[in-house]
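Q: Could you take me on a close tour of one part of this model, starting from a single contact between two strands and working outward to whatever surrounds it? I'd like to see how the pieces fit together.

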Amino acid sequence: WRQEDELIQYLVRRARAATESERLARAGRDETALALQALRDSSDYSIAWDDPNPLVSVRIASYQNTEALVDRAIASVLNQTHSNWELIVVNDGPNDRTRQAIESLGDSRIRYEEFQERSKYPADAHLRWMVAGSPGMNRGANLALGKWIAPLDDDDEFEPHHIESLLTLARTERAEFAYGAIAQVRVLSDE
């Protein structure tokens, strides 16, 4: 009996959580739709497509991944053919090593911020994977000054023409959102 009661209680909690999640999502969609329509109706709406050299904000969330962040992700941003960019790196907790590595680059287009403590994530590994880094990603987007935001993970890299190509596509098509294909590199271990 006890296992059945626990299962029933678990299923009730899951159903309540799903219902509340859907209610919040619907409310958020309505607010977001209204804000998007207000933006589309504003006189500033066309600036993103009409500016011949728009500022692009690249945002990277990171956590204890200094080498890949600096050697792969940041290096790929520094190598872009579109040079009017800013880079915002948000570290999910204090990290002197990452802060010092970024400061040593000496590039005023790169801003670094770190949370005072690690963000809280779900205990379940799959759920944690689904939201890992989102506090830093959101903070980076909120700090962005550019008309366009280019998301990048700390262990990924852009091709040199990535920003330029997507800007050209978005401006030609007057698209609000543009993305490119990825090339995945699999590292095989000797084990």
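A: Happy to! Let's start with one pairing: R59 stands opposite P151 in β4. Please keep in mind throughout that this is a predicted model.

That contact belongs to a parallel pairing, in which strand β1 (residues 56–62) is joined to β4 by four bridges. On its other partner strand, β1 is joined to β2 (residues 85–91) by seven bridges, and these two strands also run parallel. One position to look at there is S57, which stands opposite E86 in β2.

How well is β1 covered? Seven of its seven residues are buried, so the strand counts as mostly covered. In a regular strand, side chains alternate between the two faces of the sheet. In β1, V56, V58, I60 and S62 point one way, while S57, R59 and A61 point the other way, and every one of them is buried. Our starting residue, R59, is thus a buried one, on a side with S57 and A61.

Strand β4 (residues 148–151) looks different on its two faces: W148 and A150 make up the covered face, whereas I149 and P151 make up the uncovered one. P151, the partner of R59, therefore sits on the uncovered face, as does I149.

Now to the space around β4. The largest pocket has a volume of about 1,500 Å³. It is lined by 43 residues, and those closest to its centre are A150, P151, H162, L166 and A178. Two of these are familiar by now: A150 is from the covered face of β4, and P151 is from the uncovered face. The elements giving two or more residues to this lining are α1 (2–41), α2 (47–50), β1, β4 and α7 (162–173). Of these, α7 provides the largest share, six residues. By class, the lining holds 27 nonpolar, six polar and ten charged residues.

Close to the end of α7 in sequence, the backbone has a feature you may want to look at. R174 lies in the segment after α7, and its phi is near 50°, a positive value in a residue other than glycine. Most residues other than glycine have a negative phi. R174 counts as partly exposed because its relative accessibility is 42%.

W148, back on the covered face of β4, leads us to the aromatic rings. The model has three aromatic pairs in total. One of them is formed by Y45 and W49 and is edge-to-face, with 4.9 Å centre to centre and 65° between the planes. Buried or exposed: which word fits W49? W49 is at 7% relative accessibility, so it counts as buried, and Y45, at 22%, counts as partly exposed. For F177 and Y179, the ring centres are 5.7 Å apart and the planes lie at 50°, so this pair is tilted. Both F177 and Y179 are exposed. Ring pairs also tie Y45, W49 and W148 into a cluster.

If we follow the chain past β4, we reach D153, in the loop between β4 and α7. D153 is partly exposed because its relative accessibility is 35%. In sequence D153 is 64 residues from V89, yet the two are 9.9 Å apart in space, C-alpha to C-alpha.

D153 also brings in another pocket. The second largest pocket has a volume of about 380 Å³. Its lining counts 16 residues, with A132, G133, M137, D153 and D154 nearest the centre. At least two lining residues come from each of β1, α5 (125–131) and α6 (134–143), and α6 gives the largest share, three residues. The lining divides into nine nonpolar, three polar and four charged residues. β1 thus turns up in the linings of the largest pocket and the second largest one.

Finally, let's step off the end of β1. R118 lies over the face of Y63, 3.6 Å from the ring centre. Q64 is in the loop between β1 and α3 (66–78), and its phi, like that of R174, is positive and near 50°. Q64 is exposed because its relative accessible area, 55%, is over 50%.

Methods. Residues numbered from 1 in each chain as written. Predicted model: local features only at pLDDT ≥ 70, side-chain atom pairs only at ≥ 80, totals over all residues. Heavy atoms only, no water. Buried < 20%, exposed > 50% of the residue type's maximum accessible area, 1.4 Å probe, protein only. Pairing = 2+ DSSP bridges. 1 Å grid on protein atoms, 1.4 Å probe; cavity = no way out; pocket = protein on both sides within 12 Å on 5 of 7 lines; lining within 4 Å. Points joined across faces, edges and corners; volume = space filled by probe spheres on them. Nonpolar A, V, L, I, M, F, W, Y, C, P; charged D, E, K, R; others polar. Phe/Tyr/Trp six-rings, centres within 6.5 Å; stacked < 30°, edge-to-face > 60°. Lys NZ or Arg CZ within 6 Å of the ring centre and 35° of its normal.
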